[in-house]
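User: Please go through this model with me, starting with its charged pairs. I will ask short questions and would like short reasoning with each answer.

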Amino acid sequence: MIRVVIADDQAMVRTGFGMIIEAQSDMEVVGEAADGVAAVELARRLRPDVVLLDIRMPRLDGLEALRLLAGPGVADPIRVVVVTTFDLDEYVHTALSNGACGFLLKDSGPALLVEAVRAAVFGDALISPSITVRLLEHLSTPAAVRDDAGLSPRELDVVRLVARGLTNAEIAAQLFIAVGTVKTHLASVQMKLPARNRVEIAAWAWERRLVG
């Protein structure tokens with residue numbers, strides 16, 4: 001079972017996230033915290049697989065709690081996915097530099113929340129599509145790079161959709177293929193580029209202007 005701790009100062013948010021997590025056959029909520037200090041204490045004591053962490057919380061904000069749990073110098077970091085209402089670039093950069101395994105907006109939906117938890121467990125990083133696209137659009141590329149890294153036409157189709165922020169399920173629906181096939185293509189793409197996660201795949205596509 002994937003053990004999850006939920007840290008948010010709003011009880012309704014904790015309840016909602018808890019229902020989503022508990023609805024998965026391989027996940028369970030092992031603890032909840034209403035402020036940053038409690039979140040750090042609970043995470044250190046329970047050592048969950050993933051912590052879902054809000055940014056703006058009493059006593060200790062989520063970014064500082066994240067630094068204490070997964071930041072530079074932490075000997076045994078805990079996987080943390082930041083889930084917040086605020087998508088300021090400053091928050092995103094700080095969260096990722098402090099070891100976050102994901103950055104989601106609270107309105108991202110249940111499917112993306114679950115996907116982010118699974119990605120964190122497997123060492124990947126998932127960022128809300130709208131944030132990913134906004135950040136990658138800022139990449140400065142003087143000229144398009146034509147190298148396709150040996151990707152097949154279908155793999156390039158998948159890469160373009162990843163760069164637009166689509167989830168695996170959305171890519172499967174758009175290309176009329178199975179979700180498992182999408183995952184197979186992504187695994188192949190990661191080996192060919194190479195890329196550690198879908199964020200790096202998206203960056204590769206934007207740098208080569210494969211996305212209009």
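User: Which residue forms a salt bridge with D26?

Analyst: In this predicted model, D26 lies in the loop between helix 1 (11-22) and strand 2, and its partner lies in helix 5, so the pair ties together parts that are 92 residues apart in sequence. The closest N and O atoms of the pair are 2.5 Å apart. D26 is partly exposed, at 26% relative accessible area. The partner of D26 is R118.

User: Is D35, which meets R59 in a salt bridge, buried or exposed?

Analyst: The N to O distance between R59 and D35 is 3.2 Å. R59 sits in the loop between strand 3 and helix 3, and D35 in the loop between strand 2 and helix 2. R59 is exposed, with a relative accessible area of 63%. D35 has 14%, and because the cut-off for buried is under 20%, D35 counts as buried.

User: How many residues apart in sequence are the parts tied together by R47 and D76?

Analyst: R47 forms a salt bridge with D76, with the closest N and O atoms 3.0 Å apart. R47 belongs to the loop between helix 2 and strand 3, whereas D76 belongs to the loop between helix 3 and strand 4, so the parts they tie together are separated in sequence by 29 residues.

User: What is the phi of R47?

Analyst: R47 is not a glycine, yet its phi is positive. Its relative accessibility is 34%, so R47 counts as partly exposed. The phi of R47 is about 50°.

User: Which other residue that is not a glycine has a positive phi, near 60°?

Analyst: The residue lies in the loop between helix 8 (168-175) and helix 9. Its relative accessible area is 76%, so it is exposed. The residue is F176.

User: Which residues does D54 contact beyond its neighbours within four places in sequence?

Analyst: D54 is found in the loop between strand 3 and helix 3 (62-70), and an unreviewed UniProt entry places the feature "modified residue: 4-aspartylphosphate" there. At 3% relative accessibility, D54 counts as buried. Its contacts, leaving aside those neighbours, are A7, D8, D9, G62, V83, T84 and K106.

User: In what order do the strands of the open sheet run?

Analyst: The sheet has six strands, and the pairing is parallel. Strand 2 (27-33) and strand 6 (126-127) each have a single partner strand, so they stand at the edges. The order is 2-1-3-4-5-6.

User: Which residue of strand 6 stands opposite G102?

Analyst: Strand 5 (residues 102-105) pairs with strand 6 in the parallel sense, over two bridges. Opposite G102 in strand 6 stands L126.

User: What angle does helix 5 make with strand 3?

Analyst: Helix 5 packs on the sheet, where it touches strand 1, strand 2, strand 3, strand 4 (80-84), strand 5 and strand 6. Among its buried residues are L112, L113 and V117. The direction of helix 5 makes an angle with that of strand 3 of about 135°.

User: How far does helix 5 reach from its first C-alpha to its last?

Analyst: Helix 5 covers residues 110-121, which is 12 residues. At 1.5 Å a residue the expected span is 16 Å, and the model comes close to that. The reach of helix 5 is 17 Å.

User: Which residues does the cis peptide bond join?

Analyst: The omega of this bond is about -15°. The proline of the bond, P194, is found in the loop between helix 9 (179-192) and helix 10 (198-207). The bond joins L193 and P194.

Methods. Residues numbered from 1 in each chain as written. Predicted model: local features only at pLDDT ≥ 70, side-chain atom pairs only at ≥ 80, totals over all residues. Heavy atoms only, no water. Helix = DSSP H or I, 4+ residues; strand = E, 2+ residues; numbered from the N terminus. Expected span 1.5 Å × (residues − 1). Buried < 20%, exposed > 50% of the residue type's maximum accessible area, 1.4 Å probe, protein only. Pairing = 2+ DSSP bridges. Contact = heavy atoms within 4.5 Å. Axes fitted to C-alpha atoms, helices over the stretch in contact; angles between N-to-C directions. UniProt positions renumbered as here; feature names shortened; annotations may be inferred. Salt bridge = Lys/Arg side-chain N within 4 Å of Asp/Glu carboxyl O.
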